[in-house]
Amino acid sequence: MRRAGLGDGAPTGNYGYTNSGYSVYEEENERLTESLRTKVSAIKSLSIEIGTEVKNQNKMLSEMDNDFDSTGGLLGATMGRLRTLSRGSQTKLLCYMMLFALFVFFVIYWIIKLR
């Protein structure tokens, strides 16, 4: 007694499902499995790249934090000097500002004169 698709004439790669319609489903399952496999590998490589980028960004943020800390210390020292300067007499500060303004004026005048 022969069943449909099973027997001597059945091809060997289809697991005996030639005439029953299961081979179509098997092929579609294989195709979908392969599609899923490629998508999973793409997501895996993307997540690895994201992890690498996050590590680089964290390193950069740490370096920026150190730079800001050192700049904050420098700015604090500068502000201390300005406070010390502002505690002095106002006429002395005004005199320094006038001398600086005259110096800048003469430098600009000299640059324009040379052209």
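**A chat about a two-helix predicted model**

Reader: Which residues does the UniProt annotation "transmembrane region" cover?
Author: In the UniProt record, which is an unreviewed entry, the annotation "transmembrane region" covers residues 93-112. Please keep in mind while we talk that the structure shown here is a predicted model.

Reader: And how much of the span 93-112 is helix, and how much strand?
Author: Residues 93-112 are 100% helix and 0% strand in this model, and the C-alpha atoms at the two ends of the span lie 29 Å apart.

Reader: How many helices and strands are there in the protein chain?
Author: The protein chain has 2 helices and 0 strands. Helix H1 runs over 22-87 and helix H2 over 90-114, and each of these elements gives two or more residues to a nonpolar patch on the surface.

Reader: Which residues form that nonpolar patch?
Author: The patch is formed by Leu75, Met79, Leu82, Leu85, Tyr96, Leu99, Leu102, Phe105, Phe106 and Tyr109, which together have about 1,100 Å² of accessible area.

Reader: Which element gives the most to the patch?
Author: That is H2, which gives 6 residues to the nonpolar patch.

Reader: Take leucine 75, then: where is it found, and is it buried or exposed?
Author: Leucine 75 is found in helix H1, and it counts as exposed because its relative accessibility is 53%, which is over the 50% cut-off.

Reader: What about the whole chain, how many of its residues count as buried?
Author: Of the 115 residues of the protein chain, 3% count as buried. The accessible surface of the chain comes to about 10,800 Å², and carbon and sulfur atoms account for 64% of that surface.

Reader: Changing topic, how many salt bridges does the structure hold?
Author: The structure holds 2 salt bridges. In one of them the side chains of arginine 31 and glutamate 28 meet at 3.9 Å, N to O, while in the other glutamate 34 meets arginine 37 at 2.8 Å, N to O.

Reader: Where do arginine 31 and glutamate 28 lie?
Author: Both lie in helix H1, 3 residues apart, which is about one turn of the helix. Glutamate 34 and arginine 37 also lie in helix H1, again 3 residues apart, or about one turn.

Reader: And how accessible are the partners?
Author: Arginine 31 is exposed, with a relative accessible area of 52%, whereas glutamate 28 counts as partly exposed at 36%. In the other pair, glutamate 34 has 41% relative accessibility and is partly exposed, and arginine 37, at 49%, counts as partly exposed because it falls under the 50% cut-off for exposed residues.

Reader: Last thing, what is the mean pLDDT of the chain?
Author: The mean pLDDT of the protein chain is 82, and 80% of the residues reach 70 or more. Over residues 1-10, however, the pLDDT is below 50, and this stretch has 7 contacts in the model beyond near neighbours in sequence.

Methods: Residues numbered from 1 in each chain as written. Heavy atoms only, no water. Helix = DSSP H or I, 4+ residues; strand = E, 2+ residues; numbered from the N terminus. Buried < 20%, exposed > 50% of the residue type's maximum accessible area, 1.4 Å probe, protein only. Areas by Shrake-Rupley, 256 points an atom, 1.4 Å probe, with all protein chains shown as cover. Patch = residues over 30% accessible without salt bridge, like charges linked within 9 Å, V, L, I, M, F, W, Y side chains within 5 Å. Salt bridge = Lys/Arg side-chain N within 4 Å of Asp/Glu carboxyl O. UniProt positions renumbered as here; feature names shortened; annotations may be inferred. pLDDT = per-residue confidence, 0-100. Contact = heavy atoms within 4.5 Å.
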